[in-house]
Amino acid sequence: MKKLVLLLLIFSFLFASVKIDKTVNPTLYPSNAYDPLSTDVYAENTFKVSTTATVIDSAGGSPSDLGDGAIICPGEVTFHSKIYSKFARNTWSAFLSVSSSDDNPSDYISYAGINSKEFVYSFSKYDANYNQGEVSGLSPFPTVKERVTFSPYYGLEFKDKEGYAGGVIKPKITFFIGGSPIHSSFLENDNIEYTTNLGEGSYKLSSQLDLAGVLITVTRDHPTNNALDRTGYYSLVGPWGAPYTTSLPEVKININVINANNINMDLVSRSPNDPVPIPTDMTIVVKNTGQVPIKVTSASITQGFKITQISGFNQEISVGGEHTLKVHLEATQNPPPNSATITLHYKSSGPTCDGTVKEKDLNFAISAQQPGKPDLFPKITFSLPFPFYNGDSAGVKIEDCNQFAVAGAHSSSYSIKTNNGATVVEEKTVQVKGLQPGECETIYNKNVVCDNNIIVTACVDVNNQVDEANEADNCKTETVSCSGEEPGGKNCTLTPSYAMFIPPSSKYFELLCGLVACSSADWKLEDLDRHVSASVNQYGATVYVDAEAPPQKGKLVADAKDAVGEKYTCSSVIDIIKSECEDYV
């Protein structure tokens with residue numbers, strides 16, 4: 001049973017229909033009497049759009065039930081509306097001109113105690129019956145009689161008589177494109193479809209339900225004397241008045257139609273910038289500015305260099321989405337050329353309107369001309385538990401790093417303090433051997449118990465023993481908080497905060513610092529194995545779960561900063577489950 005409930009939950013995400021409802025409380029009259037009927041009338045209109053055209057992005061739906069904002073190729077779409085309506089869900093009061101006894105034909109009785117009932121949907125049955133007034137005979141609408149209480153005005157109980165209520169509405173559905181009606185008709189049942197063709201453009205498709213008439217009947221069914229059967233037909237806004245009508249608001253779905261055959265990808269950023277130290281790891285952020293989803297399949301570089309793909313390749317990039325790639329660059333000749341061109345090969349990963357796979361290259365140049373001098377800089381890395389409280393230990397690693405050219409031996413120092421600097425954990429100056437370009441030497445790597453915060457300062461070449469290309473980056477200070485709040489005391493927003501994955505699958509998580517995009521973000525996956533990866537930037541992260549991922553639960557954690565440097569931290573739960581679909585084959 002648990003498996004079945006889970007599958008129903010997952011499959012429910014595939015329905016994108018939209019619904020609108022309305023409840024009114026009319027007082028209705030028959031055409032030839034002053035007897036009132038008061039009740040509540042509930043109506044709903046469920047609207048969906050389907051298509052036989054190629055779907056580029058169903059926006060969480062499917063071709064048979066497109067989501068709001070779906071993207072499709074030019075072609076045929078079908079409007080669907082299904083209606084539902086009941087009366088007497090909450091209120092009911094009715095009077096009928098029948099005798100309180102078989103001997104007194106001129107009394108009034110009240111009709112009470114009915115169950116809520118669904119209307120019949122038929123404009124022809126409404127038109128044939130709405131103006132009958134109060135007449136002898138039985139109602140044509142109800143199919144099941146029920147025991148009710150008839151109470152005469154003079155307090156006598158009308159015993160051993162059966163009665164029932166029924167009703168019919170005159171439903172009218174109008175379909176619109178961009179606010180202009182394209183089809184309108186009265187219904188003989190509870191649903192309608194209409195098919196048309198859409199060319200390129202953005203469309204607001206909508207449906208509106210009008211109740212062009214509401215007719216409710218109340219009947220006294222005498223058990224032995226058919227001549228005493230009587231039915232009141234209540235449909236007017238007053239005695240001898242006009243038919244009662246009401247309308248529901250439009251229910252809308254937005255559809256974008258494009259002739260999606262073009263792919264394009266732009267370079268957003270790369271790090272490091274020129275001059276690029278060799279060897280190095282490079283982070284490349286690209287954006288899909290084409291019409292269909294794409295994926296980057298490979299990377300290459302011009303002669304004299306070697307490029308190795310690390311992460312982010314062969315993963316789908318949605319239209320308008322940004323994606324992060326990582327590569328490793330190294331020279332294959334000494335000295336390497338002063339410049340190079342990196343080529344990213346990408347292709348369409350989703351359907352195109354003409355049915356063909358599109359392929360394209362993105363090229364960008366880098367300068368690899370290295371300064372004639374080395375550049376030493378410190379690198380500080382924290383390994384933090386989550387959440388991070390007072391008394392917890394954090395890993396602190398300090399490295400002395402070099403780029404561009406060979407650096408000779410030199411002295412470097414570090415300071416580790418806690419409690420806003422009041423407690424000195426360790427301060428030391430150490431000797432560092434000569435470093436090759438791209439080489440780092442670890443000068444501190446220990447766990448530190450946190451008290452309010454941990455403050456780490458590291459400076460390289462403190463005695464100016466090395467003539468460097470850049471002396472301004474020799475010192476660095478980093479602080480982490482363990483106050484029991486998120487660093488900086490502020491929470492960012494990661495949406496969704498919980499996500500369930502059935503391998504293989506992927507999901508995008510949006511990151512906000514307050515109400516705006518963050519200016520930078522550091523990401524990590526916690527308690528998840530190698531089958532889970534992510535492409536990230538300051539706007540969010542796409543988590544990928546491959547087909548071999550076992551069931552597991554962990555976290556996607558973001559440590560972010562806003563435009564003024566305020567720190568934020570937030571996380572989302574990643575819950576990977578095993579698909580149980582095979583149990584129901």
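These legends walk you through several close-up views of one predicted model.

Local features here need pLDDT of at least 70 and side-chain atom pairs count only at pLDDT 80 or more, while totals for chains, interfaces and linings use all residues. Residues are numbered from 1 along each chain as its sequence is written, and side-chain values use heavy atoms, with hydrogens and water left out.

**View 1. Phenylalanine 87 meets phenylalanine 119 in a tilted aromatic pair.**
The structure holds ten aromatic pairs; rings of Phe, Tyr and Trp (its six-membered ring) pair if their centres lie within 6.5 Å, and planes under 30 degrees apart count as stacked, over 60 as edge-to-face and the rest as tilted. In this pair the centres are 5.0 Å apart, with 50° between the planes. Phenylalanine 87 belongs to strand E6 (residues 75–96) and phenylalanine 119 to the loop between strand E8 (117–118) and strand E9 (120–121), so the pair ties together parts 32 residues apart in sequence. Strands (E, at least two residues) and helices (H or I, at least four) are DSSP runs, numbered from the N terminus. Phenylalanine 87 and phenylalanine 119 are both buried, where buried means under 20% relative accessible area, exposed over 50% and partly exposed in between (1.4 Å probe, protein chains only).

**View 2. Tyrosine 414 and tyrosine 444 link distant parts of the chain.**
Their ring centres lie 5.1 Å apart with the planes at 55°, so this pair is tilted. Tyrosine 414 sits in strand E28 (residues 410–418) and tyrosine 444 in strand E30 (residues 440–449), 30 residues apart. Tyrosine 414 counts as buried at 5% relative accessibility, and tyrosine 444 counts as buried at 4%.

**View 3. Two charged ends sit over aromatic rings.**
A charge sits over a ring if NZ of Lys or CZ of Arg is within 6 Å of the ring centre and within 35 degrees of the ring normal. For arginine 89 over tyrosine 42, the distance to the ring centre is 3.9 Å. For lysine 170 over phenylalanine 186, it is 4.8 Å.

**View 4. Four strands make an open antiparallel sheet.**
The order is E19-E20-E23-E22, and two strands pair if DSSP finds at least two bridges between them. Strand E19 (265–271) and strand E22 (305–311) are the edge strands, each pairing on one side only. Six bridges join E19 to strand E20 (residues 280–288). Aspartate 266 stands opposite lysine 287 in E20.

**View 5. The second largest pocket holds about 1,400 Å³ of space.**
On a 1 Å grid over the protein atoms alone, a pocket is an open set of points with protein on both sides within 12 Å along at least five of seven lines, a cavity is a set where a 1.4 Å probe fits but cannot get out, and lining residues have an atom within 4 Å of a point. Grid points are joined across faces, edges and corners, and a volume is the space filled by probe spheres set on the points. This pocket is lined by 42 residues, with Gly60, Glu316, Ser506, Lys507 and Tyr508 nearest its centre. Elements giving two or more residues to the lining include helix H1 (2–11) and strand E35 (505–512).

**View 6. The second largest cavity encloses about 30 Å³ of space.**
Its lining consists of Lys22, Thr23, Val24, Val41, Ala43, Leu211, Thr246 and Leu248. Strand E1 (18–24) and strand E3 (37–51) each supply at least two of these residues, and E1 gives the most, with three.
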